Amino acid sequence: MSQAVDDDDRPYRRRRQRRATIVIAVVLLGLAGAFYYASTYFRDTAPKPKPCTTEVPVAPLTPRDVSINVYNSTNRNGLAAAVAKQAGARGFKIKAVGNDPKGASVKQVAQIRFGPEGEASAKLLKTHVPQAVLVNDKRKGDTIDLAVGQSWKALGKVPVVVTPTQTLRPCPTVTVQQ
């Protein structure tokens, strides 16, 4: 039997196979494109872990947390009481008011005396008395002394309190049971 032949001398069956191959290839490419699109859609919508921190936010020290002794290291009467009144109005806890028990004559504006436990409290008080000199006298406890000196005029401006903001969320904790 003879095969039907078209004008371009190709057998009809061969052209049909080529057409079927092209159609299958186009369909497979279309399916591949659809799967790729679907995978990017699901990949983009899957929740991504965000950065987190294991550090616990620390509340800043406030004047209510600081106990101070106010001492007069000058020959001006009532200076320690006046300074203690101003410091108390700012929220500091006043423990003692009087003449300097060390008997030192402070020539600066003031001295802030503290021990290792009161270093943070001393730095907070220094923000209220910027010209004061910090003196670490290795005392026990967190109570600090404000020894008012010869150059004392008044407490400084009330500092702006910067509250820390936690920019990262806390990391989830995992507990292991044994």
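**Exercise 1. Decide whether K138 is buried or exposed, and place it in the chain.**

Step 1. K138 has a relative accessible area of 65%, so it counts as exposed (buried means under 20%, exposed over 50%, partly exposed in between, with a 1.4 Å probe and protein chains only; areas come from the Shrake-Rupley method with a 1.4 Å probe, and for residues only the protein chains shown count as cover).

Step 2. Bear in mind that this is a predicted model, where local features need pLDDT of at least 70, side-chain atom pairs count only at pLDDT 80 or more, and totals for chains, interfaces and linings use all residues. Residues are numbered from 1 along each chain as its sequence is written, and side-chain values use heavy atoms, leaving out hydrogens and water.

Step 3. K138 lies in the loop between strand 5 and strand 6 (strands are DSSP runs of E, at least two residues; helices are runs of H or I, at least four; both are numbered from the N terminus).

Step 4. Now check the backbone: K138 is not a glycine, yet its phi is positive, at about 60 degrees.

**Exercise 2. Work out the strand order of the open sheet and which strands stand at its edges.**

Step 1. Write down the elements from the N terminus: α-β-β-α-β-β-α-β-β-β.

Step 2. Five strands form the open sheet, in the order 3-2-6-4-5 with mixed pairing (two strands pair if DSSP finds at least two bridges between them).

Step 3. Strand 3 (93-99) and strand 5 (133-136) each have a single partner strand, so they are the edges and one side of each has no neighbour in the sheet.

Step 4. From one strand to the next, the twist averages 20 degrees (axes are lines fitted to C-alpha atoms, for helices over the stretch in contact, and angles run from 0 to 180 degrees between N-to-C directions).

Step 5. Zoom in on one pair: strand 4 (residues 110-114) runs parallel to strand 5, joined by four bridges. Q111 has V133 of strand 5 as its bridge partner.

**Exercise 3. Find which residues touch the most other members of the largest nonpolar core.**

Step 1. This core has 23 residues (a set of buried Ala, Val, Leu, Ile, Met, Phe, Trp, Tyr and Cys residues joined through side-chain atoms within 4.5 Å).

Step 2. I68, L125, V129, I144 and W152 touch the most other members.

Step 3. Helix 2 gives the largest share, five residues.

Step 4. Try I144: leaving aside residues up to four places away in sequence, its contacts include I68, I112, F114 and L125 (contact means heavy atoms within 4.5 Å).
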